[in-house]
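Trainee: Could you take me through the interior of this protein in some detail, starting from its nonpolar packing and working outward to whatever borders it?

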Amino acid sequence: MEWQELNSDKTVMVHVDSDELTWTKASQATKGGVWRKMLERKGAEVARATTIVRFDPHQEFPRHTHHGGEEFIVVAGTWHDDYGAFPAYSYVRNYIGSSHTPKIKEDGCTILVKLRQMSKTREEPETSSWSLPALVDLKMGKERDVQKFPLFSSPLERTYALYFPKGTMDKILPIPPHGLEMFLLAGCIKSELGKATSRIHTKWSWSRFPNATGSPTTKTLHFN
């Protein structure tokens, strides 16, 4: 693969509807049934990247080492590797220097994965994982307000999930000093992507909200 710079400038606001992208085959897959949609990329085959990756049933990926770290959330199916089995809505961080051999079973698996975006200045365990409540469980719950599920936090970054129940009206989304990235696991919202533009976020869409002010700011999420 040739060098690519796709949505790689972190000072630029970006919105990507993944359903408008075409699945492309991952060349490293041992059985040929691994596909990806590139959302952000800087590099060649080895790159800093944000990607949706789909594994067909009974697929494997060669053993590899995460020289810049790896983090992913399972959005469908079940992930299997050396560290265990992780069902949908599992969030996993594999620190710099970790390695594994993904072996996907009969239900297949789709993940949103970020590669080579960790730092050696803040050491982490070799691997860590968290589980989010299933969407059906959230819908059946009695809680009617927005729910926040913290996942990972350090002086360098924070990762969390937000659940907005049906009937939610406009909500203010805090944008930290170094910006925010958002991936929509389910549902549909609108946001201020640009001064005079409102764009719809559909399922599995990815957005970046930069912040050059050096201070926290906000964006508004609209629910129809």
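Mentor: What follows goes from the nonpolar cores to some buried polar residues, then to a pocket and a few individual positions.

The model is predicted, and every value below should be read with that in mind. The largest nonpolar core has 18 residues, and those with the most contacts inside it are Leu-39, Ile-52, Ile-73, Leu-112, Leu-132, Phe-183 and Trp-206. The strands β2 (14-16), β7, β13 (147-153) and β14 (158-163) each supply at least two residues of this core, and β13 gives the largest share, three residues. In soluble globular proteins, nonpolar side chains tend to be buried together.

Leu-39 is a useful place from which to look around this core. Leaving aside its neighbours within four places in sequence, Leu-39 is in contact with Leu-6, Asn-7, Val-16, Ser-18, Leu-21, Thr-50, Thr-51, Ile-52, Leu-112 and Trp-206. Ile-52, Leu-112 and Trp-206, which are among these partners, are also listed with Leu-39 among the residues that have the most contacts inside the core.

Apart from this core lies another, of 14 residues, which includes Phe-55, Ile-104, Cys-109 and Ile-111. Those four residues can be found again around Trp-79, a residue of strand β7, whose contacts beyond its neighbours within four places in sequence are with Phe-55, Phe-72, Val-74, Gly-84, Ala-85, Phe-86, His-100, Pro-102, Ile-104, Cys-109 and Ile-111. Trp-79 counts as buried because its relative accessibility is 2%, where the limit for that class is under 20%. Although Trp-79 and Ile-104 are 25 residues apart along the chain, their C-alpha atoms are separated by 6.2 Å. The side chain of Trp-79 also takes part in a polar contact, at 2.9 Å, with the side chain of Asp-81.

Charged residues are buried here as well. Arg-208, which has its place in strand β19 (residues 206-209), counts as buried because its relative accessibility is 2%. Its side chain has two polar partners to examine: a polar contact of 3.3 Å joins the side chains of Arg-208 and Glu-40, while the backbone oxygen of Val-12 lies 3.2 Å from a polar atom of the Arg-208 side chain. Asp-17, in the loop between β2 and β3 (24-25), is also classed as buried, because its relative accessible area is 11%. Beyond its neighbours within four places in sequence, Asp-17 is in contact with Arg-199, Ile-200, Thr-202 and Ser-205.

From here one can turn to the second largest pocket, which has a volume of about 570 Å³. Its lining consists of 27 residues, and Gln-28, Glu-45, Phe-61, His-64 and Leu-115 are the ones that lie nearest its centre. The elements that give two or more residues to this lining are β4 (34-43), β5 (47-55), β6 (64-65), β7 (70-81) and β11 (109-115), with β5 giving the most, five residues. By class, the lining of the second largest pocket has 13 nonpolar, nine polar and five charged residues. Strand β7 therefore deserves a second look, because β7 gives two or more residues to this pocket lining and also supplies at least two residues of the largest nonpolar core.

Two loop residues call for attention on account of their backbone. Most residues other than glycine have a negative phi. Tyr-89, however, has a phi near 75°, a positive value, and is found in the loop between β8 (84-87) and β9 (90-94); with a relative accessible area of 14%, Tyr-89 is buried. Arg-116 likewise has a positive phi, near 60°, and has its place in the loop between β11 and β12 (127-131). Arg-116 is partly exposed, because its relative accessible area is 37%, a value that falls between the 20% limit for buried residues and the 50% limit for exposed ones.

The last position to inspect is His-222, in strand β20 (residues 217-222), which counts as partly exposed because its relative accessibility is 22%. The side chain of His-222 makes a polar contact of 3.2 Å with the side chain of Asp-170. Lys-171, for its part, is 51 residues from His-222 in sequence, yet the two are 6.7 Å apart in space, C-alpha to C-alpha.

Definitions and conventions: Residues are numbered from 1 along each chain as its sequence is written. This is a predicted model: local features need pLDDT of at least 70, side-chain atom pairs count only at pLDDT 80 or more; totals for chains, interfaces and linings use all residues. Side-chain values use heavy atoms; hydrogens and water are left out. Buried means under 20% relative accessible area, exposed over 50%, partly exposed in between (1.4 Å probe, protein chains only). A polar contact is a pair of N or O atoms within 3.5 Å; within protein, one must be able to donate a hydrogen and the other to accept it, and residues adjacent in sequence count only if both atoms are side-chain atoms. On a 1 Å grid over the protein atoms alone, a cavity is a set of points where a 1.4 Å probe fits but cannot get out, and a pocket is an open set with protein on both sides within 12 Å along at least five of seven lines; lining residues have an atom within 4 Å of a point. Grid points are joined across faces, edges and corners, and a volume is the space filled by probe spheres set on the points. Ala, Val, Leu, Ile, Met, Phe, Trp, Tyr, Cys and Pro count as nonpolar, Asp, Glu, Lys and Arg as charged, and the others, Gly among them, as polar. A nonpolar core is a set of buried Ala, Val, Leu, Ile, Met, Phe, Trp, Tyr and Cys residues joined through side-chain atoms within 4.5 Å. Contact means heavy atoms within 4.5 Å.
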